[in-house]
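Here is a short tour of the model below, written to be read with the structure open beside you. Please take a look around first, and then we can go through it topic by topic.

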Amino acid sequence: MAGMYEKVLDWANDFDHADPEYNERAHEIWAEFQGSECPVAHSDRYDGLWAPFTYEMVHEIAYDTDHFTSQGVVVNTGRPMIEAPVGPAPPITSDPPFHNIARRLLLPPFSPKVIAEWEPEIRRLCNELLDRMGDITEGESIVDGAVEYAQSIPVNVIARMLGFPTEDEALFRDFVHNVLERINEPVEEREEFMQPLADYLDAQIQDHRDNPRDDLTNYLLNVEIAGNKLSDEHVRGSILLLLVAGIDTTWSAIGSSLWHLGTHPDDLQRLVDEPDVMMFALEEFLRAYAPVTMARLVKEDYDFHGCPMKANDWVLLPFPAANRDPKQFEDATKFVIDRQENRHGAFGLGIHRCLGSNLARLELKVAVEEFVRRFPSFTVDGDTRWSVGQIRGPRELPLRVLKTS
Ligand code: HEM
């Protein structure tokens, strides 16, 4: 295993979500914790880390901004340099009362109406990616649902929203990989490999100052809080957040949904026969394969249900595990394609609930619809490689196309 730590042998007492085995076996590991007397894992790695796996506990922590701060939301070997209430990437790293101010600034560009206008463009992009796969022979061709398809959709959309060159897509994925997956490397090395991201954002912001245009970066440069423009740090932090929050998350959701359909032919057939079932399937993909786990830092020493948490310990909020808690959902571990009641926590719980959920839902829906329309029958054929760390989804997904439309 790369990074500072050894392979995990004891998930309860030496937990590490950056061990590749974690995302590979996540569903089993969560079920083991949910069935055990103590559903909370602990580790001395990262200078102190806790991970509760029940819906009730994840819900409790997500709503408890008195004991837990959002100043750091991605566990790593260091601690954030910019303190609460603003944090390094507002609003996700902000605490009340500043959080609400920073969040409200971002609501208009992600409103349902503004996002709905992207639908034709996302459909066009999906079809362009499918065309790029070239000649497909039924029963023989293998396409990579993660590399050739899912990974390009959200990155293209967010780059265009921000007004960044779409040719830099690979660079963005690299930046996001550094932020989210290279979490167990020493602090000094992290600072070094994160620098190009900060330099890139500064150059883009300067370019937007020099050549103003109608995009999200321009919006952030001009929007005001109580008559004042945002600080440079706030602008850079929010752009960083949108890049990071907008890419791996939706890429993972699309990839996991295709993985499910490629391993569950009955569900794929149902979607082909009854496209309207997508309305429910979308929410079930999000519940059963929620990609995003977030983190908090403990503000002061705190006894959480008998867990002696120390100030500055990390606490993971595994929303994906909460979504599979049998105490919260009927048939929690089963994918029920037309599940009617589905109050899942894939987009988070509490004040930081996902601001990009309209866009995420649209991208996921359109991506799955267009893939299934083009390839009404396909199967996972070969090894799926899963991401490492807090965002779970396939990074390589070989799919054998059995039928084309
Ligand atoms: C399927 C895809 C996605 C999932 C599952 C997801 C999930 C989440 C979750 C769980 C949170 C809560 C974080 C916390 O409690 O600390 C969150 C927050 C956030 N997400 Fe998403 N997200 C997705 C896509 C997106 C997209 C596409 C964008 C925008 C481009 C976005 C922007 C944000 C922002 C700005 C926040 C912070 C909100 C706040 O702090 O008030 N997300 N997301």
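Helices here are DSSP runs of H or I with at least four residues, numbered from the N terminus. Please keep in mind that this is a predicted model. We begin at the ligand, move on to the helix contacts, and finish with some backbone details and buried spots.

**Around the ligand**

- The ligand is surrounded by 31 residues, and the closest are Gly246, Gly348, Cys354, Gly356 and Ala360.
- Four helices each give at least two residues to this shell: helix 4 (98-106), helix 8 (152-162), helix 12 (232-263) and helix 16 (357-374).
- Helix 12 provides the largest share of the shell, with seven residues.
- By class, the shell around the ligand holds 23 nonpolar residues, seven polar ones and one charged one.

**Helix 12 against helix 16**

- Two of the helices that help to build the shell, helix 12 and helix 16, also pack against each other, at an angle of about 35 degrees and with their axes 10 Å apart.
- Their crossing is right-handed.
- On the helix 12 side you will find Thr249, Thr250, Ala253, Ile254, Ser257 and Leu258, which meet Ala360, Glu363, Leu364, Ala367, Val368 and Phe371 in helix 16.
- This contact of helix 12 with helix 16 comprises eight nonpolar, three polar and one charged residues.
- Ala360 appears twice in this picture: it is listed among the closest residues to the ligand, and it belongs to the helix 16 side of the contact with helix 12.

**Helix 6 and its two partners**

- Helix 6 (residues 119-132) packs with helix 16 at an angle of about 40 degrees, and the axes are 9 Å apart.
- Angles that are not under 35 degrees, over 145 or from 65 to 115 count as oblique, and helix 6 and helix 16 are therefore oblique to each other.
- Helix 6 passes helix 16 in a right-handed crossing.
- Helix 6 brings Glu119, Ile122, Arg123, Cys126, Asn127 and Leu130 to this contact, while helix 16 brings Leu362, Glu363, Val366, Ala367, Glu370 and Arg374.
- Six nonpolar, one polar and five charged residues make up the contact of helix 6 with helix 16.
- With helix 8, the axis of helix 6 comes within 10 Å and crosses at roughly 135 degrees, so this pair is oblique as well.
- The crossing of helix 6 and helix 8 is right-handed.
- Here Ile122, Leu125, Cys126 and Leu129 of helix 6 meet Ser152, Ile153, Asn156 and Val157 of helix 8.
- The contact of helix 6 with helix 8 counts six nonpolar, two polar and no charged residues.
- Ile122 and Cys126 of helix 6 take part in the contact with helix 16 and also in the contact with helix 8.

**Backbone details worth a look**

- The peptide bond from Pro90 to Pro91 is cis, with omega near 5 degrees, and Pro91 sits in the loop between strand 3 (68-69) and helix 4.
- Pro96 and Pro97 are likewise joined by a cis peptide bond, with omega about 0 degrees, and Pro97 is also in the loop between strand 3 and helix 4.
- Tyr46 is not a glycine, yet its phi is positive, near 55 degrees.
- Tyr46 belongs to the loop between strand 1 (40-43) and strand 2 (49-52), and it counts as buried because 22 C-beta neighbours lie inside 10 Å.
- Asp331, another residue that is not a glycine, has a positive phi of about 45 degrees.
- Asp331 is placed in the loop between helix 15 (319-322) and helix 16, and it counts as exposed because it has 9 C-beta neighbours inside 10 Å.

**Two buried spots**

- Ser256 lies in helix 12 and is buried, since 27 other C-beta atoms are within 10 Å.
- Leaving aside neighbours within four places in sequence, Ser256 is in contact with Tyr289, Pro291, Gly393 and Pro394.
- Ser256 and Ala288 are 32 residues apart in sequence, and their C-alpha atoms are 9.4 Å apart in space.
- In helix 3 (residues 55-63), the buried residues are Tyr55, Met57, Val58, Ile61 and Ala62.
- The cover over these buried residues of helix 3 includes strand 2, strand 3, strand 7 (294-298), strand 10 (314-317) and helix 15.

Technical notes. Residues numbered from 1 in each chain as written. Predicted model: local features only at pLDDT ≥ 70, side-chain atom pairs only at ≥ 80, totals over all residues. Near = placed C-beta within 6 Å. Nonpolar A, V, L, I, M, F, W, Y, C, P; charged D, E, K, R; others polar. Buried ≥ 20, exposed ≤ 12 C-beta atoms within 10 Å, placed from the backbone. Axes fitted to C-alpha atoms, helices over the stretch in contact; angles between N-to-C directions. Left-handed = near helix turned anticlockwise from the far one by under 90°. Contact = placed C-beta atoms within 7 Å.
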